[in-house]
Structure formats: C-alpha cells, structure tokens
Amino acid sequence: RQIHAAHCEEIVRITLRESDGSNLGDQRQKFKQDSTGAYIHFFDDDDLPAPDYIETIFPLLDGVDHIGFRVQHYDSWTGQETTVGKNVIHSKSCGKWYEDSNTYYRHFTTSNPMKREISLSHEIEGPNDGEDFRWANRIGDSGIVQTEYFIDRVMVHYFDRHKRNDYVDWCNPTRLELIDLILRNTPCST
C-alpha cells in the first residue's frame, strides 16, 4: 500500500515466503545478487515499517550511501503483556554494534537502505545467528560507506522473538493488537 500511495512503483520487491533450507545469510546474499535496484535492504517478518516509511525514505535515495534511523524494539509481546525494549539507533555514526543500559547502537544493518554496490562489496553468509553482525562489521571495517542521511525518529518497529514459532506468531492476538495500536498512534503525513 505504501509503495502505491507514494507513486513509487519502480521499487522492486523480492519476497521469500518459505525457507529453501539454506541458511539466512546465504539466502540474503542470493537476494542481493539477484536484485536490480540502486539500493538494498530487508524487511523481516518481525519488522513493521512506519506508516510513512516509503514516502520518507524514497526521496532520500539520491546517491547517498546509507539511510540511518531509529528503531523501536519490543522485547516481549507473546504473553499477556508487551515490554518495550531498549531504544535502537542505526547510524554510521555509531561506529560499531554495541549497547548501554538504554540503547542498542548499530552502525549498519540489513534493515537499512544501502547502495547496492556497497552492500554487495562484502558477502553476507553463514548461519542465522550473527550473519548480519558479521556483514555489518566487514562493511564498517572497510570504510566504504561515506555518506548518510539520518532520520531522527522511529522508522521500523522490531518485534523480537526469543522463542520463534513462525506458524502462529504472525496471528498472535497480542502482536496484532500491538500493531493496531502502533498504526493508530503513529503520525502519518498522508
């Protein structure tokens, strides 16, 4: 809906509905290689974009290397209560992945738009645990990312799942209520 509403039909989507048995890092690498757009990033099934994600980010894809933004982390949502987790900042200025008592800091992630050729300059591969961390560190260590726009507000809501059950998590009533609350209480310029 966001792509259509923002008249951005040139955005190309590649969707994985079910795993082909290979690990997540290798799947992401194949998607990156198969992509044709100028920028790459991933939305996972536990991510929810802000209602104005496309209309905010698309105009910024003007040759900049990377788009940074804030993320809202939800630590527990599968029980009767939802716990809002730490603040999250995805920005080149973080310099690496680390955390303090209130905030997760990430210099680069697969969730942030990045120029395709920069993203492809280092492979993302390997087991599901840490494939994004390993890739982000290789990108960061290379110094290849020179420019960034930072959006100083939440652009993605991340629903952390410590115990995953993909067959029922998507329709969990607590998750659906939280998504509805987020969408009703998030300002949108459209």
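A residue is called buried when its relative accessible area is under 20%, exposed when that area is over 50%, and partly exposed in between, with a 1.4 Å probe and protein chains only. By that rule, 39% of the 190 residues in this predicted protein are buried. Because the model is predicted, local features need a pLDDT of at least 70 and side-chain atom pairs count only at pLDDT 80 or more, while totals for chains, interfaces and linings use all residues. Residues are numbered from 1 along each chain as its sequence is written, and side-chain values use heavy atoms, with hydrogens and water left out.

Begin with the whole chain in a cartoon view, where seven helices and eight strands can be picked out; helices (H or I, at least four residues) and strands (E, at least two) are DSSP runs, numbered from the N terminus. Switching to a surface shows about 11,000 Å² exposed, of which carbon and sulfur atoms supply 50%, the areas coming from the Shrake-Rupley method with a 1.4 Å probe. If contacts (heavy atoms within 4.5 Å) are drawn between residues at least 6 apart in sequence, 65% of them join residues at least 24 apart.

Next select helix α5, residues 131–142, whose 12 residues should span 16 Å at 1.5 Å a residue, and whose end C-alpha atoms are 17 Å apart, which agrees; the expected span is 1.5 Å times one less than the number of residues. Within α5, colour the buried residues E131, W135, A136 and I139. They cover an arc of only 125° around the axis, which puts them on the same side of α5, the arc being that of the directions from the helix axis to the C-beta atoms. An α-helix has 3.6 residues a turn, so residues three or four places apart point the same way. Add α2 (24–34), β7 (114–115) and α4 (116–120) to the selection, since what covers the buried residues of α5 includes these elements. Just after α5, G143 takes a positive phi of about 70°.

Two of the covering elements deserve a stop of their own. In helix α2, select Q29, which counts as buried at 6% relative accessibility; leaving aside neighbours within four places in sequence, Q29 is in contact with L120, H122, E123 and I124. In strand β7, select K115, which is buried with a relative accessible area of 19% and which touches A38, Y39, G63, V64 and D65, not counting residues up to four places away in sequence.

Now show the aromatic side chains. Rings of Phe, Tyr and Trp (its six-membered ring) pair if their centres lie within 6.5 Å, and planes under 30 degrees apart count as stacked, over 60 as edge-to-face and the rest as tilted. By this rule there are four aromatic pairs. Y53 and F69 form an edge-to-face pair, 6.1 Å centre to centre with 75° between the planes. Y53 lies in helix α3 (residues 53–57) and F69 in strand β3 (residues 66–76), so the pair ties together parts that are 16 residues apart in sequence. Y53 is buried at a relative accessible area of 1%, and F69 is buried at 0%. The rings of Y98 and Y105 have their centres 4.5 Å apart and their planes at 15°, so this pair is stacked; Y98 is partly exposed at 33% relative accessibility, whereas Y105 is buried at 16%. Adding F43 to Y53 and F69 displays a cluster linked by ring pairs.

Finish with two lysines, using the rule that a charge sits over a ring if NZ of Lys or CZ of Arg is within 6 Å of the ring centre and within 35 degrees of the ring normal. The charged end of K86 sits over the ring of Y104, 4.9 Å from its centre, and that of K96 sits over the ring of Y98, 5.8 Å from its centre.
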